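Subject: Structure for your review

Please find the structure below, with the sequence alongside. My notes on what turned up in it follow.

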Amino acid sequence: MTDHTDTATANGATGAPLWLLAELTYRCPLQCSYCSNPLDFAAVKQELTTAEWIEVLTQARAMGAVQLGFSGGEPLVRQDLETLVAEARRLGFYTNLITSALGLDEARIHALRDAGLDHIQISLQASDPDVAAAVAGSTKAHAKKLAMARAVKEAGYPMVLNVVLHRHNIDQLDTIIALCDDLGADAVELANCQLYGWAHLNRAGLLPSQAQLEAAEATTQRWRQHLAERGRDMRLLFVVPDYYADRPKACMGGWASIFMTVAPDGAVLPCHSARMLPMDFPNARERPLQEIWYASAAFNRYRGDDWMQEPCRSCDERHKDVGGCRCQAYMLTGDPAATDPVCDLSPDHHLIEAARREAADDSRSAQALTLRNARESQVFCRA
Amino acid sequence: MNPNTDSSRVYYLRRGWRLQWEEAQQRHVLLYPEGMVKLNDSAGAILGQLDGQRDVATLIERLQAQFPEAPDGAIAEDVHAFLADAQQQGWIQHD
């Protein structure tokens with residue numbers, strides 16, 4: 001097949017942040033026990049104003065950012081979302097709304113369309129309403145999501161459905177994919193739970209078994225064939241859980257490489273989890289994004305490979321997986337510059353094996369996991 | 001693979017996808033939900049001609065006018081091959 005893509009890039013120089021994730025708020029009507037938001041999210045009170053967000057969008061676009069995700073928390077909680085979408089679209093962003101669908105109704109679907117919103121991604125928790133209710137901490141959310149997914153397709157949007165997979169829903173994968181097909185999804189992200197934030201807190205109760213995972217991969221493969229035979233264009237993206245891998249993921253394509261997150265209070269991060277690291281991140285209220293991206297100590301800290309330790313430092317694969325994930329290294333070893341313990345060459349890989357054993361011995365139901373809400377978050381807030 | 005596409009066919013970008021010139025990257029990109037294809041010059045020039053009205057023959061004429069130095073038949077060959085491939089990849093559709 002001929003390649004129509006342009007692969008030329010500047011030699012070794014830091015490129016532009018092509019992706020901007022705007023976490024508009026940490027407020028959310030759901031309480032998903034796998035949420036990747038920080039445990040102490042309730043400590044964040046001062047959300048950026050509409051004018052401050054517009055300034056962030058303007059600066060990021062001038063730097064070359066082109067894909068924009070409105071996320072959270074639940075971004076629909078912000079009543080200025082339509083204003084921000086309109087401004088983003090005027091600036092030339094491709095605008096993605098990453099939502100639970102709570103807070104959506106037909107009027108808002110059309111208002112967002114009129115504002116220029118390009119795409120809506122809706123999260124589903126399960127195909128079974130009881131499992132969905134237990135995981136999201138809401139008995140009403142599931143039916144609402146299904147209704148809104150249909151309305152989104154009727155309004156003509158491209159729609160991606162995102163399903164976070166874990167031991168309590170992964171065995172339903174066949175009916176989950178069937179549901180997504182029925183809802184008219186253009187693509188489905190079958191995202192094995194990444195174990196950060198609240199998911200890390202609930203890790204032993206979320207991690208599936210190897211057998212569950214293998215069955216899920218086989219189901220996905222079977223569905224891909226089935227969809228292809230029907231000529232149905234619904235892409236299935238299966239995100240493997242790195243606790244069952246022997247090499248780490250190239251997290252975010254490398255630290256501060258193409259991705260920039262702005263948190264609800266203006267903290268600028270190289271990914272939405274990095275806030276947990278023991279370092280100070282600059283704030284968009286105080287410094288221009290251009291300076292933060294190219295010149296701040298935080299954004300330069302893990303660029304390139306000078307920071308790497310053994311076994312990464314002398315490893316032939318260090319540019320392929322960039323040493324894995326800094327947050328995972330820190331959470332598991334206490335050292336953010338360590339090799340991601342997912343790698344079986346890491347001296348800390350036994351921590352991953354121990355986590356798998358711990359999960360195998362955990363018999364909690366989905367209802368027994370810690371829900372992500374402001375009350376639970378207070379426990380983690382520093383005075 | 002037979003690269004020939006019907007010359008009377010009218011192609012358009014997949015619904016919800018967008019072709020855009022990116023000044024910062026100095027190239028055309030194809031934007032879609034949570035993703036981007038960085039296009040080379042010829043792919044950008046061909047997709048830039050799709051307006052939902054022009055058929056393949058018209059695209060070729062317009063590109064020939066735009067690039068008169070191209071050897072005879074080269075543009076037509078490129079356009080047919082590209083459109084077949086772009087359709088295969090789900091970038092474009094036709095009625």
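Helices (H or I, at least four residues) and strands (E, at least two) are DSSP runs, numbered from the N terminus. By that numbering, A:Pro311 falls in the loop between helix H11 (297-300) and helix H12 (318-321) of chain A. Please keep in mind that this is a predicted model.

Backbone

The peptide bond leading from A:Glu310 into A:Pro311 is cis, with omega near 5 degrees. A cis bond is also found from A:Gly72 to A:Gly73, again with omega near 5 degrees. A:Gly73 sits in the loop between S2 and H2 of chain A.

Two residues other than glycine deserve a look for their phi values. For A:Val322, phi is positive, near 45 degrees. This residue belongs to the loop between H12 and H13 of chain A, and A:Val322 is partly exposed, at a relative accessible area of 21%. In chain B, B:Glu34 has a positive phi of about 60 degrees although it is not a glycine. B:Glu34 is placed in the loop between strand S3 (27-32) and strand S4 (35-38) of chain B, and its relative accessible area of 22% makes it partly exposed.

Cavity

The search of the whole structure gave one cavity of 30 Å³ or more. The space in the largest cavity comes to about 80 Å³. Its lining includes A:Pro311, the residue after the cis bond mentioned above. The other lining residues are A:Arg247, A:Pro248, A:Cys312, A:Cys315, A:Glu317, A:Arg318, A:Asp321, A:Gly323, A:Thr339, A:Cys343 and A:Leu345. By type, the lining has six nonpolar, two polar and four charged residues.

Salt bridges

Over all chains, the search finds 24 salt bridges. Side chains of opposite charge can pair when their charged atoms come close. Three of the pairs are described here.

A:Glu47 and A:Arg27 form a salt bridge through their side chains, at 3.0 Å from N to O. Both A:Glu47 and A:Arg27 are in the loop between strand S1 (19-23) and helix H1 (50-63) of chain A, 20 residues apart. A:Glu47 has a relative accessible area of 18% and is therefore buried, the limit for that class being under 20%. A:Arg27, at 43%, counts as partly exposed.

A second salt bridge joins the side chains of A:Glu52 and A:Arg285, also at 3.0 Å from N to O. Here A:Glu52 is in helix H1 of chain A, while A:Arg285 is in the loop between strand S9 (268-269) and helix H10 (289-295), and the two are 233 residues apart. Relative accessibility is 26% for A:Glu52, which counts as partly exposed. A:Arg285 is likewise partly exposed, with a relative accessible area of 37%.

A third salt bridge is made by the side chains of A:Arg150 and A:Asp182, with an N to O distance of 3.2 Å. A:Arg150 lies in helix H5 (residues 141-154) and A:Asp182 in helix H6 (residues 173-183) of chain A, so this pair ties together parts that are 32 residues apart in sequence. A:Arg150 is partly exposed at 37% relative accessibility, whereas A:Asp182 is exposed at 51%.

Shared partners also join salt bridges into a network made up of A:Arg27, A:Glu47, A:Arg78 and A:Asp80. Of these, A:Asp80 is in the loop between strand S2 (67-71) and helix H2 (81-91) of chain A, and A:Asp80 is buried, with a relative accessible area of 11%.

Contacts across the sequence

A:Asp80 and A:Thr49 are 31 residues apart along the chain, and their C-alpha atoms are separated by 9.1 Å. A:Ala329 and A:Pro341 are twelve residues apart in sequence, with 6.3 Å between their C-alpha atoms. A:Ala329 is part of helix H13 (residues 326-333) of chain A and is buried, at 0% relative accessibility.

Surface

A:Leu201, A:Val379 and A:Phe380 make a nonpolar surface patch of about 250 Å². A:Val379 is located in the segment after helix H15 (374-378) of chain A. With 63% relative accessibility, A:Val379 counts as exposed.

Terms used:
Residues numbered from 1 in each chain as written. Chains lettered and ligands numbered in written order. Predicted model: local features only at pLDDT ≥ 70, side-chain atom pairs only at ≥ 80, totals over all residues. Heavy atoms only, no water. 1 Å grid on protein atoms, 1.4 Å probe; cavity = no way out; pocket = protein on both sides within 12 Å on 5 of 7 lines; lining within 4 Å. Points joined across faces, edges and corners; volume = space filled by probe spheres on them. Nonpolar A, V, L, I, M, F, W, Y, C, P; charged D, E, K, R; others polar. Patch = residues over 30% accessible without salt bridge, like charges linked within 9 Å, V, L, I, M, F, W, Y side chains within 5 Å. Areas by Shrake-Rupley, 256 points an atom, 1.4 Å probe, with all protein chains shown as cover. Salt bridge = Lys/Arg side-chain N within 4 Å of Asp/Glu carboxyl O. Buried < 20%, exposed > 50% of the residue type's maximum accessible area, 1.4 Å probe, protein only.
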